[in-house]
Amino acid sequence: MRILVAGGAGFIGSAYVHRRLAAHPGDEVRVLDKLTYAGRTENLEGLSRDQVELVEGDIADADMVSGAVEGCDAIVNFAAESHVDRSIHSPGEFIQTDVFGAFVLLEAAREKGIRHLQVSTDEVYGSIPSGSFTEASTLQPSSPYSASKAGGDLIVRAYHHTYGADALVVRGSNNYGRRQHPEKLIPLAILNALAGDPIPVYGDGLQVRNWIFVDDFCAAIDVVLERGQAGEVYNAGGPDELRNIDVVKAILELTGRDESLIQQVSDRLGHDRRYSLSSDRLRELGWEPEVRFDAGLARTVDWYRENEGWWGPIRSGEYRDYYERQYGRALS
Ligand code: NAD
Ligand code: DAU
């Protein structure tokens with residue numbers, strides 16, 4: 001099978017490519033990636049050029065997509081602007097990539113008659129005070145990021161309903177693991193703790209996220225790609241829910257730092273309080289998350305400790321300016 005993996009140089013997309021090719025050595029992957037600040041060729045290191053081809057390009061560019069999809073049997077779309085805080089400052093880029101780009105990919109898949117799997121997020125449902133969202137829950141996105149992801153999902157639905165396109169959606173909860181950009185809470189807290197920098201906690205820190213180890217989400221994506229029904233949505237939630245403050249405390253413990261590094265900062269605008277996914281539909285297809293949060297977090301901390309070669313260039317580059325604008329203080 002030859003798969004077009006859009007956004008395959010990012011955090012989850014690259015984990016998916018590594019996992020897919022390890023499990024299916026006969027497959028080929030073509031990665032289409034714009035290589036934004038979040039996409040890195042380093043993320044695909046260690047893979048054979050016979051198996052992976054990297055095409056640098058924008059999913060919103062129809063000519064580029066039409067060339068990239070040639071000879072592929074399926075599209076898995078990870079390509080997106082993915083960070084909620086950035087969407088609050090620059091929503092236009094999110095609409096362009098996450099809505100229009102998803103449409104361009106879907107058009108190409110429809111024209112070729114191949115499967116299109118849209119990788120989406122629990123954030124499209126909004127916040128839930130108790131219980132868990134099912135696939136039938138109403139979409140109530142809160143941020144420009146989640147609204148643009150919901151837009152992409154709805155176009156998938158319409159393409160199946162109207163044209164009978166072989167298109168479907170998988171929605172994941174908060175992923176964590178190796179090669180995640182330090183703009184996101186877990187790698188940010190790990191790297192700040194290792195450096196002895198304060199760790200910014202938004203508001204009261206009591207927001208709850210449903211954490212899933214990235215390899216478990218990638219396994220869910222494969223199950224949906226292979227056994228999911230066209231037109232359907234599948235939730236893939238992690239096995240553990242934690243308050244942000246408890247995530248940060250666990251990282252301080254694993255890095256041997258004390259709680260004096262915790263720094264309460266202004267809350268995120270429109271901040272969702274809690275996410276929680278029911279994954280019963282995916283369980284019926286045989287999927288189960290395997291990595292509990294404590295074990296996955298320890299593995300993740302070890303990976304960042306051992307891979308300064310990966311994060312060093314990020315932490316000393318443009319990210320420093322982003323961090324200063326976002327948090328009003330410099331990194332050490
Ligand atoms: P990421 O920001 O690490 O990676 C995104 C990738 O997409 C990068 O390689 C980037 O270069 C590429 N990209 C961005 N705009 C592009 C464009 N216009 N054309 C081509 N490539 C483009 O994101 P991630 O955390 O790996 O998330 C991947 C997908 O999974 C996203 O669609 C996101 O919404 C979804 N998701 C993420 C999480 C999470 O916790 N990180 C959870 C559920 C779903
Ligand atoms: O739920 C899935 C989503 O998870 C994905 O769709 C998104 O692409 C991904 O970025 C993630 O979104 P969140 O906003 O939940 O993740 P983030 O790591 O940005 O923040 C996690 C929580 O931690 C959230 O409640 C905000 C809080 N936070 C975040 C940062 C960066 C802080 O308290 N301090 C911080 O510095």
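This report describes two ligand sites, the nonpolar cores and several individual residues of a predicted model.

The model is predicted, so local features need pLDDT of at least 70 and side-chain atom pairs count only at pLDDT 80 or more, while totals for chains, interfaces and linings use all residues. Residues are numbered from 1 along each chain as its sequence is written, chains are lettered from A and ligands numbered from 1 in the order in which they are written, and side-chain values use heavy atoms, with hydrogens and water left out.

## Ligand 1

The shell around ligand 1 contains 28 residues, of which I12, D33, S82, Y145 and K149 come nearest; a residue is near a molecule or strand if one of its heavy atoms lies within 4 Å of it. By class, this shell has eleven nonpolar, 13 polar and four charged residues. Here Ala, Val, Leu, Ile, Met, Phe, Trp, Tyr, Cys and Pro count as nonpolar, Asp, Glu, Lys and Arg as charged, and the others, Gly among them, as polar.

At least two residues of the shell around ligand 1 come from each of α1 (11-23), β5 (115-121), α5 (144-163) and β7 (174-176). Strand β5 gives the most, with three residues. Helices (H or I, at least four residues) and strands (E, at least two) are DSSP runs, numbered from the N terminus.

## Polar contacts of the two ligands

The table lists polar contacts of both ligands. A polar contact is a pair of N or O atoms within 3.5 Å; within protein, one must be able to donate a hydrogen and the other to accept it, and residues adjacent in sequence count only if both atoms are side-chain atoms.

| Ligand atom | Protein partner | Distance |
|---|---|---|
| Ligand 1, nitrogen | K34, polar backbone atom | 3.0 Å |
| Ligand 1, oxygen | Y145, side-chain N or O atom | 2.6 Å |
| Ligand 1, oxygen | N175, polar backbone atom | 2.9 Å |
| Ligand 2, oxygen | N174, polar side-chain atom | 2.6 Å |
| Ligand 2, oxygen | Y202, backbone N or O atom | 2.8 Å |
| Ligand 2, oxygen | Y327, side-chain N or O atom | 2.7 Å |

Taken alone, ligand 2 exposes 680 Å², and the protein buries 95% of that. For ligand 1, the area exposed when taken alone is 840 Å², of which the protein buries 96%. Accessible areas come from the Shrake-Rupley method with a 1.4 Å probe; for residues, only the protein chains shown count as cover.

## Ligand 2

Two or more residues of the shell around ligand 2 are given by α6 (185-195) and by β8 (199-202). Strand β8 gives the most, with three residues. In total, 23 residues surround ligand 2, and the closest are T121, D122, Y145, N174 and R268. These shell residues divide into nine nonpolar, eight polar and six charged.

## Nonpolar cores

In soluble globular proteins, nonpolar side chains tend to be buried together. A nonpolar core is a set of buried Ala, Val, Leu, Ile, Met, Phe, Trp, Tyr and Cys residues joined through side-chain atoms within 4.5 Å. Buried means under 20% relative accessible area, exposed over 50%, and partly exposed in between (1.4 Å probe, protein chains only).

The largest nonpolar core has 35 residues, and those with the most contacts inside it are Y16, V17, V76, F217 and I221. At least two residues of this core are supplied by each of β1 (2-6), α1, β2 (28-33), β4 (74-77), β5, β6 (167-172), α7 (214-227) and β10 (233-236). Helix α7 gives the most to this core, with nine residues. Not counting residues up to four places away in sequence, V17 touches V5, G8, V29, V31, L44, L47 and V52, contact meaning heavy atoms within 4.5 Å. Another core, of 34 residues, lies apart from the largest one and includes I251, F293, L297 and V301.

## Individual residues

L35, which is not a glycine, has a positive phi of about 50 degrees. This residue is found in the loop between β2 and β3 (52-56) and is partly exposed, with a relative accessible area of 24%. R179, likewise not a glycine, has a positive phi of about 65 degrees. R179 is placed in the loop between β7 and α6 and is buried, with a relative accessible area of 13%.

D240 lies in strand β11 (residues 240-243) and is buried, at a relative accessible area of 12%. Its side chain reaches the backbone nitrogen of F293 at 2.9 Å. Leaving aside neighbours within four places in sequence, D240 is in contact with R209, N210, W211, R292 and F293.

D58 is found in the loop between β3 and α2 (62-68) and is partly exposed, with a relative accessible area of 23%. The side chain of D58 reaches the backbone nitrogen of A60 at 2.8 Å. The C-alpha atoms of D58 and K34 are separated by 5.0 Å, although the two residues are 24 residues apart along the chain.
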